[in-house]
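Please open the structure in your viewer and keep the sequence panel visible beside it. We will move from one selection to the next, pausing at each to look at what is there.

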Amino acid sequence: MSRNSEQWTKTPNLPPTHYVDPIIYSDPAIFEEEKERIFKKVWQLAIHESEVAKPYDYRAYQHPGGAQLVIVRGEDMKIRTFYNICPHRGNLLVYDPSGNAKKLVCIFHQWAFNGKGDCVDIPRGKEGYQDRVCKNDVALKEVKTEVAYGGFVWVNLDDSCGPLSEYIGNALDYMMPELEAEPLEILWYYQATLHTNFKLIHDTNSEFYHDYLHYHNRITGMLDSKSGYFQRKYTAFPNGHASVGSMAVSYDAYKGGGHSKLGWPKLPPNGWKLVDLFPCITFNLRTSVLRIDSYIPLGPDRVILEFRVLGLKSDTAEERRQREKDAATIWSPFGRNLHEDLLASSGQGIAMAKGSEPMYVLQAREEDLTIHDEVGMRHYLEEWSKRMGRSSSNPMAQTAANKCAA
């Protein structure tokens, strides 16, 4: 029987950990709070070191907290991150998404900076400023940066943050043999911009009940009794991170798939490992390719998804072509899975947009932490609630911690 408005919006008869008020996916004030309390406080995967492989290489990065950054490999080969802002008049320092420059020179007045953030030139500085302003006073603002876990470059806007290892904890231990078996290198980088909330995309990466969406995953895993699909379990880690147990993917069950036997060092043949990191990073290693998903929220209902596909630096030209083909089969915009995930997440964003009358979102499946359990989403929102000082099931009722912070 269909429901009326009162029934449709009624609070579910479930523990508050098992349902979500949809306002957390659409409210502008909550989104601004997320930027301050989450994104500006946690370590964020920005790029891979192979994207700034040579001295003087740089890469612009739009941080999820809203800051414009530039990541630079200096002459000393150290990777540093700075605010992408000239300290003279607040202009963007670099406009191109990437490049190579011995000095970062602001187009506005030609102030120049080296790879350590030092100001090295102020045109007509002595004439204009005399002794009131000198180059030592106007260096760039540096951002905490670490290179780790397979050569990825991580940044944190919080000057008082703890080390990256403290934030990650043991969450990536499960994948470290594969991540550090050999040096990695970017094969592809591409983006998708969706009109949805970033948490809805991460929800999709946090549960596999949605494999009913993917014919390819059903035929190569779910329907194969020997794959170990249903035996996979979630492991929850501090700080909202989680991993999913491995399985053997039966690619041959998909007719015409043409997947190779190339494989990945330390990973069992046809293996699959996945780790989700709070608040919006996913490490997804499948047979011969590593894919990294990271998000740049632009608003409560708009997000840029960054996709990085990685192979091995030691790959021959033939091996690289095969990895790219393997990635294209599954994870490219025209592959078997990605477009379906994006369609579903976009549909959620549209249906639950501000101004509609969405229902409470259920995250109530319990299957002993196995693959169709929704514990991954519950664990994620438990961390979200702690950091935000709000319950995800009743976010407008601020907790005592949130009132104090306010």
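Begin by selecting strand E18, residues 302-312, where 10 of the 11 residues are buried, buried meaning under 20% relative accessible area with a 1.4 Å probe and protein chains only. The name strand is used here for a DSSP run of E with at least two residues, numbered from the N terminus. This is a predicted model, in which local features need pLDDT of at least 70, side-chain atom pairs count only at pLDDT 80 or more, and totals for chains, interfaces and linings use all residues. Residues are numbered from 1 along each chain as its sequence is written, and side-chain values use heavy atoms, with hydrogens and water left out.

Keep E18 selected and add strand E12, residues 184-194, which pairs with E18 in the antiparallel sense over 10 bridges; two strands pair if DSSP finds at least two bridges between them. Which residue of E18 is the bridge partner of Ile186? Label Leu310, and you have found that partner.

Next, add strand E17, residues 289-299, which is also antiparallel to E18 and is joined to that strand by 9 bridges. Here Arg291 stands opposite Val309 of E18, and if you follow the chain between E17 and E18 you will find 2 residues, the two strands forming a hairpin.

Now clear the selection and turn to an open sheet of 3 strands, ordered E7-E8-E9 with antiparallel pairing. Its edge strands, E7 (104-105) and E9 (119-121), each pair on one side only. Finally, select strand E8, residues 112-113, which is joined to E9 by 2 bridges in antiparallel fashion, and label Phe113 together with Cys119, its bridge partner in E9.

Methods: Buried < 20%, exposed > 50% of the residue type's maximum accessible area, 1.4 Å probe, protein only. Helix = DSSP H or I, 4+ residues; strand = E, 2+ residues; numbered from the N terminus.
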